[in-house]
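Biologist: I would like a close look at a single part of this model, followed by what lies around that part. Please state each cut-off as you come to it.

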Amino acid sequence: MNRLRVYCFTLIELLVVLIVLSIVLLIATPRFISSVNPQKTKNFLFGLYSTLTYLSEKTVLEKQIILFNFDIDERRYYFTASQEGNIEGEVKDRYLVPASFPPHLEVESMRIIPGDVVYDGSIAIPFTPNGMLYSFEIRIREGADQHLVLAGNAFNNRIQLLREQNDQVEKLE
């Protein structure tokens with residue numbers, strides 16, 4: 001008798017292939033999503049904007065002095081408090097957490113008003129019960145012709161997020 005032979009995969013072979021594919025997708029998907037997401041820059045900057053607005057209101061309401069420390073070389077920011085009994089200057093607030101800038105953003109400079117432009121090193125801006133002690137501008141480059149500016153105004157205690165592109169300035173909301 002001439003029987004037809006049917007070729008097929010066993011259940012174990014199919015499971016092994018599914019496991020390998022799921023591991024590959026688990027590793028590749030987060031990297032792909034983070035490189036494709038155009039909102040990543042906006043989300044980071046709006047997060048920093050919200051954090052500084054919260055810091056400004058917190059220091060006025062709770063009558064505290066908290067420093068916003070910005071390290072251009074290490075591309076990060078953090079907060080320290082000057083309180084009795086707090087030798088390390090730790091800020092214990094769930095909204096005031098240290099963070100690093102994403103790798104695709106380049107921090108060009110930071111300007112303290114009155115003062116000069118700083119291109120490297122670190123800066124500390126005091127937020128006091130009377131508001132920000134100094135006005136500031138953090139210039140961030142995204143791409144060749146687009147600059148984002150996070151500006152704090154000590155006179156009205158407001159923080160703004162601006163986009164400069166081709167000599168046009170627009171406020172981001």
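Modeller: A residue is called buried here when its relative accessible area is under 20%, exposed when that area is over 50%, and partly exposed in between, with a 1.4 Å probe and protein chains only. The model is predicted, so local features need pLDDT of at least 70 and side-chain atom pairs count only at pLDDT 80 or more, while totals for chains, interfaces and linings use all residues. Residues are numbered from 1 along each chain as its sequence is written, and side-chain values use heavy atoms, with hydrogens and water left out.

The part I would choose is strand β1, residues 66–71, where five of the six residues are buried. Strands (E, at least two residues) and helices (H or I, at least four) are DSSP runs numbered from the N terminus, and two strands pair if DSSP finds at least two bridges between them. On one side, β1 pairs with β2 (residues 76–81) in the antiparallel sense over six bridges, and Phe68 has Phe79 of β2 as its bridge partner. These two strands make a hairpin with four residues between them, and Arg75 in that turn has a positive phi of about 60°. Strand β6 (residues 122–128) is also an antiparallel partner of β1, again over six bridges, with Phe127 of β6 as the bridge partner of Ile66.

Taken in a wider view, five strands form an open, antiparallel sheet in the order β3-β2-β1-β6-β7. Because β3 (99–100) and β7 (131–132) stand at the edges with a single partner strand each, one side of each is left without a neighbour in the sheet.

Among the helices, α2 (residues 40–62) spans 32 Å from first to last C-alpha over its 23 residues, close to the expected 33 Å, a figure obtained as 1.5 Å times one less than the number of residues. Its buried residues include Phe44, Leu45, Leu48, Leu52 and Leu55, as well as Thr41 and Lys58. Just after α2, Lys63 takes a positive phi of about 50°.

Elsewhere, Val117 in β5 (residues 117–118) counts as partly exposed because its relative accessibility is 30%. Leaving aside neighbours within four places in sequence, Val117 is in contact (heavy atoms within 4.5 Å) with Ser109, Met110 and Arg111.
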